[in-house]
Amino acid sequence: MGVTCVCQVPVAEGKSVQQTVDMLHRKLEQLGAVKQGNFCVDCETYHPVGNTSGQPPKFLYVMHNSETPLSCLALFEGGPCLTADGNFDVLMVKLKSHFQNSKGHKVESRGARYQYCDFLVKVGTVTVSSSARGISVEVEYCPCVVPGDCWNLMKEFMQSFLGPSVPELPSVFAAKPEGLYAPVDCSDTMTQYLELFSKLRKQQVVSGSSVR
Amino acid sequence: MADVMNVGVNLEAFSQAINAIQALRSSVTRVFDTLKDGMKNKETLEGREKVFITEFQDNLQAVNRDLNELERLSNLVGRPSESHPLHNSGLLSLDPVQDKTPLYSQLLQAYKWSNKLQYHAGLASSLLNQQSLKRSANQMGASAKRRPKVQPSTLVLPPQYVDDVISRIGRMFPDMSIELFRPNGTSAVLLVTLGKVLKAVVVMRSLFIDRTIVRAFNENIYTEDGKLDIWSKSNYQVFQKVTDHATTALLHYQLPQMPDVVVRSFMTWLRSYIKLFQTPCQRCGRYLQDGLPPTWRDFRTLEAFHDSCRQ
Ligand SMILES: [Zn+2]
């Protein structure tokens, strides 16, 4: 598990989400990247039942990542992050007196997984309740574990297929003290997906486009 | 054949000498004949003795005369020339049954070969002395003999000495940790951890670095049964490349007389990878080329280059 950056790629002007995704695939293949199957990251939102403290409710997010198919990740808003077994969802059903699944809040990103040298690239279509909202690109540089060390290198790589609109160092890393060390589990990656999903959930539906 | 005949033998004197030998032989035979016959019948005992002694003296004088003649001739015969490259074996050419026993031509052939061999061996040895690319045990033994200051054989340094050298080198570089293992007998295996960038397994033979494998910081260093994995290569292309370059460096830094300097030079070079992902190429100024960062480090300046940008 190396250093990962998840970013949103704007839909090209006059193009649909799918057309933009196809264009990214073509650019990656021109670089020499090889397609290696598919990937999926999803996120369910739970809201606490019986909020008595009067404070704004804190959400619980349960996420799955096809890279780690046997585990799932539970993130409590602004709080701890927990890596659990895959059947954590079953536990959430039992906890429904405390946390209720917010229907219509399910977000997922699906797409193709590419390998280029020591880079892994995942280009995904982000859907909120089955409607396409945008495009996510995840780039992982596997041999390095210190985000600050390889950031310039990753930026150069992303520029080669995303053009000049390359994101800044993800805040999840910027916020970390000194030893910018990506943990073995993918919580840093999932935190970035969660940020992206929250942003897209609030966005208006992209006009006239659907997943398939 | 002509030059073989001309070996400095006086043939005239030679044949005379052979005659002289025959003469000597017959005069010696005559001496023994008179002795064998004894005293012949004469009237008086005195007469018999007198005749016998005179005869015996005459014969001995003849032997003496022939012997002197032979000695004189043998000085005339002379000796085969010392300057002949094959010395006495050159006389083999005089063998009349040349066709049946081609000993002489075979000898000449063998002589030519051994001459050539010696010449080429001399050239090779002087060339090898110029290059200090010496890795074999024989060469090291030889160099140790020439320089009695170092240990009799640098291959059998005491483990304690190796430990000391390694720990001294480890203290030189604070961002580099060197752990020493001895999984198989006395030969040391070093696990070098460089910052949070890479881990290198360095297999030693005494103080000589035998081979090295570089892997990512987050890759497995141990096999499933908990032993140090000194064989499998990195999963990442960038570290496969760095491993190749490190192997080149092992061949570059060679100084058989001072193995500790070699280890130190190699570690200094390896340490320049601390900024493997942070340094752009010194030639093209970019970070990536074919998906790889600048993996080459100049042996002298330690500057970073892409493999294809170095010259
Ligand atoms: Zn270059």
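## Briefing: chains A and B

Between chain B and chain A, the count is 1 salt bridge. Keep in mind that this is a predicted model. Across all chains the structure holds 14 salt bridges, while the disulfide count over all chains comes to 0. Here's a quick tour of the interface, the charged pairs, a couple of cysteines and one buried glutamine.

**Where the chains meet**

- The salt bridge across the interface pairs the side chains of Arg286(B) and Glu156(A), with 3.9 Å from N to O.
- On the polar side of things, 7 residue pairs are in polar contact between chain B and chain A, both residues being at pLDDT 80 or more.
- On the side of chain B that touches chain A, helix 7 (residues 237–252) of chain B gives the most, with 3 residues.
- That side of chain B divides into 11 nonpolar, 4 polar and 3 charged residues.
- Counting heads, 20 residues of chain A and 18 residues of chain B take part in the contact.
- Together the two chains bury about 1700 Å² between them, and 59% of that is on carbon and sulfur atoms.

**Salt bridges in chain A**

- Glu44(A) pairs up with Lys106(A) in a salt bridge, where the closest N and O atoms are 3.7 Å apart.
- This pair ties together distant parts of the chain, 62 residues apart: Glu44(A) sits in strand 2 (residues 34–48) of chain A, and Lys106(A) in the loop between strand 6 (99–101) and strand 7 (107–116) of chain A.
- The two partners fall into separate burial classes: Glu44(A) counts as buried because its relative accessibility is 17%, under the 20% cut-off, whereas Lys106(A) counts as partly exposed at 34%.
- There's also a network of salt bridges in chain A, linking Glu67(A), Arg113(A), Lys122(A) and Glu138(A).

**Salt bridges in chain B**

- Asp307(B) and Arg310(B) form a salt bridge, their closest N and O atoms being 2.9 Å apart.
- Both ends of that bridge are partly exposed, with Asp307(B) at a relative accessible area of 27% and Arg310(B) at 30%.
- Asp210(B) and Arg205(B) also meet through their side chains in a salt bridge, at 4.0 Å from N to O.
- Here, too, the partners are partly exposed: Asp210(B) has a relative accessible area of 37%, and Arg205(B) has 34%.

**Cysteines**

- With 0 disulfides over all chains, the cysteines are worth a quick look.
- Cys144(A) is in no disulfide, and its nearest cysteine sulfur, from Cys150(A), is 3.7 Å away.
- That pair misses out because a disulfide needs the two sulfur atoms within 2.5 Å.
- Cys144(A) is buried, with a relative accessible area of 1%.
- Cys81(A), on the other hand, is partly exposed, at 37% relative accessible area.

**A buried glutamine**

- Gln192(A) belongs to helix 5 (residues 187–202) of chain A.
- Gln192(A) counts as buried, with a relative accessibility of 5%.
- Setting aside neighbours within four places in sequence, Gln192(A) is in contact with Thr4(A), Cys5(A) and Val6(A), and also with Pro170(A), Val172(A) and Phe173(A).

How values were computed. Residues are numbered from 1 along each chain as its sequence is written. Chains are lettered from A and ligands numbered from 1 in the order in which they are written. This is a predicted model: local features need pLDDT of at least 70, side-chain atom pairs count only at pLDDT 80 or more; totals for chains, interfaces and linings use all residues. Side-chain values use heavy atoms; hydrogens and water are left out. Helices (H or I, at least four residues) and strands (E, at least two) are DSSP runs, numbered from the N terminus. Buried means under 20% relative accessible area, exposed over 50%, partly exposed in between (1.4 Å probe, protein chains only). Contact means heavy atoms within 4.5 Å. Buried area is the accessible area (1.4 Å probe) that two parts lose on being put together, summed over both. A polar contact is a pair of N or O atoms within 3.5 Å; within protein, one must be able to donate a hydrogen and the other to accept it, and residues adjacent in sequence count only if both atoms are side-chain atoms. Ala, Val, Leu, Ile, Met, Phe, Trp, Tyr, Cys and Pro count as nonpolar, Asp, Glu, Lys and Arg as charged, and the others, Gly among them, as polar.
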